[in-house]
Structure formats: C-alpha cells, structure tokens
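Reader: Hi! Could you walk me through the fold of this protein, with the cut-offs behind each term?

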Amino acid sequence: MTEGRRRIAIIGGGIAGLTAGYYLNRKHEVVLFERSGRIGGNAYSHRTPKGEVLDIAVAAFGKAGYTNFYSLLDELEIPTASMQNSYMSFHDLDSRQGLYLTLSPRAALFQGRKLLRPANLESLARFFVGLQRARHRLSRGALKGVTLGRCLEELPEFSGDAKLIFLSALCLLSSMEVRELLASPAEFFLNKLKTHHDVLSPKAVYSVRCVRDGTRRYVNALAARYRRKIRLDARIRTLERGAAGPVVVMEDGSRDRFDAVVLACNPDQALALLASPTPLESELLGKWAYKDGRVVVHRDHGAF
C-alpha cells in the first residue's frame with residue numbers, strides 16, 4: 001500500500017458514512033459496511049407506481065442553517081429547486097386540528113378561503129409577534145434556566161395555532177417530541193432558530209430548497225467513486241481492538257483488519273458493536289436514547 005495511504009472501515013451507509021467515504025476515498029482505501037440493503041439512511045427517495053419521486057424524511061434544506069451541505073452540493077454539481085409545489089402541515093396528531101401553509105397555486109385553489117380565514121391570518125400574526133418577543137428576551141439574557149414550556153406560558157401570543165406552528169417547526173429541527181421540547185431549555189431552541197433563521201420566516205420562499213430529482217441524486221453522487229467498496233446487507237458481529245489495528249468481525253466469523261474505523265451509525269449501535277468499550281465510550285455513547293415516532297401519511301391529493 002502507498003505510504004501514507006490507510007485502509008479504513010466505515011460502518012454505516014447513511015449520509016454521515018457516505019460523506020466520510022467520499023472524502024476519505026481520495027487518499028485512502030475505504031470499505032463501507034451497511035446493514036440494510038440500500039445506502040442513504042434517512043435520505044431516501046421512493047418512486048410511486050405512477051413514477052413520482054417522493055423524499056422520505058429529509059427533503060428540504062434552508063440555506064442559512066446548512067451552508068456546508070450546499071457547498072457539498074455545489075462540489076457535486078447537483079442543482080436545487082424551490083419548494084413552490086410543496087406545503088407545510090401544522091397539525092396536532094391527537095386532535096387533528098391545525099392549518100396548512102402552501103406556495104402551490106393548485107393547493108391554494110383547492111383550499112380556497114380556508115387559507116385566508118381571519119383566524120389563520122391572526123394566528124400567523126401572533127406567531128411572528130411572539131417569536132420577536134422571545135428573541136428579545138433571549139438577547140437580554142432573560143431566559144437563563146427557563147424551560148421552553150415556561151417561556152411559552154409567559155408569552156400569550158403563543159396560543160392555539162401560533163403555538164402549534166412554533167412547536168411543529170422545533171420538532172422538525174430537533175427530532176424531538178413536544179413534551180421533550182417543553183421541558184428543555186428555551187435558550188437552546190431560540191439559538192437554534194438564530195442559525196436556521198430562514199425556516200420560520202418569509203425568506204423560506206426562496207431560501208428553503210430541495211434537491212432536483214430527490215435526495216437519491218446526492219446519495220448516488222457521494223457513493224459513485226467507491227461504490228464497489230460498499231458492502232450491503234453487512235452483518236457485523238463486533239468490532240475488536242487488535243494489536244495491529246481494529247478488526248471487524250462478521251456474524252459468519254470472518255475477520256477483516258483495518259488501520260482505522262469510522263463509526264457512522266447511531267451511538268447505541270456503535271456501543272453495541274464495540275467488543276470492549278472503554279468507560280468513556282460507554283458514558284458518551286450510552287447517553288443517547290432512541291424511540292419510534294408516529295408517522296401520518298397524507299392522502300389529501302388536492303393539497304398537491
């Protein structure tokens with residue numbers, strides 16, 4: 001092997017693993033292990049029987065909060081498109097109450113006057129006023145030790161649909177449930193919105209964009225240069241620390257030695273793979289908790 005060139009295992013074929021492979025493959029020999037039968041992880045494009053491409057989970061990105069991602073798309077020469085044919089649904093999954101916001105003329109026509117109902121316009125106005133007041137409190141340092149739930153209770157503008165819009169956006173940005181949001185520090189989420197400042201803003205019209213032809217396009221582009229080194233349906237039993245370097249042990253007993261390993265899987269999965277985790281690894285990786293989330297399939301074709 002060329003001097004300085006290392007053999008590196010990447011465990012996990014989601015975007016983290018694919019991006020690691022994309023850059024490391026330039027100077028090193030990489031082997032990517034993916035337990036499922038496809039690459040991409042949450043970045044998954046599904047083709048319907050009618051030939052339409054639908055992105056699952058990861059579909060749109062605001063330019064303000066994802067500068068590195070857009071730089072990567074530029075490097076891969078992958079174009080993006082506006083979200084004019086999309087809509088946002090802000091609904092309570094239990095009560096099924098809420099509202100839709102859309103830029104699509106067809107969807108706006110279908111919804112008719114519902115979009116312009118005084119109650120909806122009032123909710124949007126209260127939302128922006130409440131958000132401005134919350135940001136003002138943040139800038140004055142008045143949210144130290146204050147939970148998001150308490151913060152919202154002290155801002156009367158955040159009630160009804162205005163509160164629903166705010167919490168829906170934060171759930172999307174953090175992958176957390178509402179009860180977890182309300183018990184967490186208000187500072188964290190308001191600072192997060194300072195970074196993703198184009199999501200809950202009129203700037204979303206031009207700043208939040210999607211990848212043309214779906215996320216599958218950048219998934220395939222990232223993997224193109226080392227696709228032959230990707231092992232799908234890989235069943236890894238454990239990861240050992242060998243004297244000459246880490247060893248990947250498969251469920252069939254086969255062993256493969258590497259110079260380094262990149263764990264691009266969930267922390268709980270990484271901890272389960274380590275044959276002899278150190279106390280620090282157990283502490284850090286064991287802190288993460290994962291749970292199943294509810295999914296609602298939208299079947300209102302008139303909204304598209």
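Author: Happy to; here are some questions and answers on the core and on one helix. This is a predicted model, where local features need pLDDT of at least 70, side-chain atom pairs count only at pLDDT 80 or more, and totals for chains, interfaces and linings use all residues. Residues are numbered from 1 along each chain as its sequence is written, and side-chain values use heavy atoms, with hydrogens and water left out.

Reader: Which helix gives the most to the largest nonpolar core?

Author: A nonpolar core is a set of buried Ala, Val, Leu, Ile, Met, Phe, Trp, Tyr and Cys residues joined through side-chain atoms within 4.5 Å; buried means under 20% relative accessible area and exposed over 50%, with a 1.4 Å probe and protein chains only. The largest such core has 25 residues. Helices (DSSP runs of H or I, at least four residues) that give two or more residues to this core include helix 4 (118-139) and helix 8 (186-195). The top contributor, with eight residues, is helix 6.

Reader: Why do the buried residues of helix 2 line one face?

Author: In helix 2 (residues 67-75), the buried residues are Phe69, Tyr70, Leu72 and Leu73. The arc is taken from the directions from the helix axis to the C-beta atoms. Seen down that axis, the buried residues line one face of helix 2 because they fall within an arc of 155°.

Reader: Which exposed residues does the face of helix 2 turned away from its buried side carry?

Author: The buried side has cover that includes helix 1 (15-24) and helix 10 (216-223). The face turned away carries the exposed residues Asn68 and Asp74.

Notes
Contact means heavy atoms within 4.5 Å.
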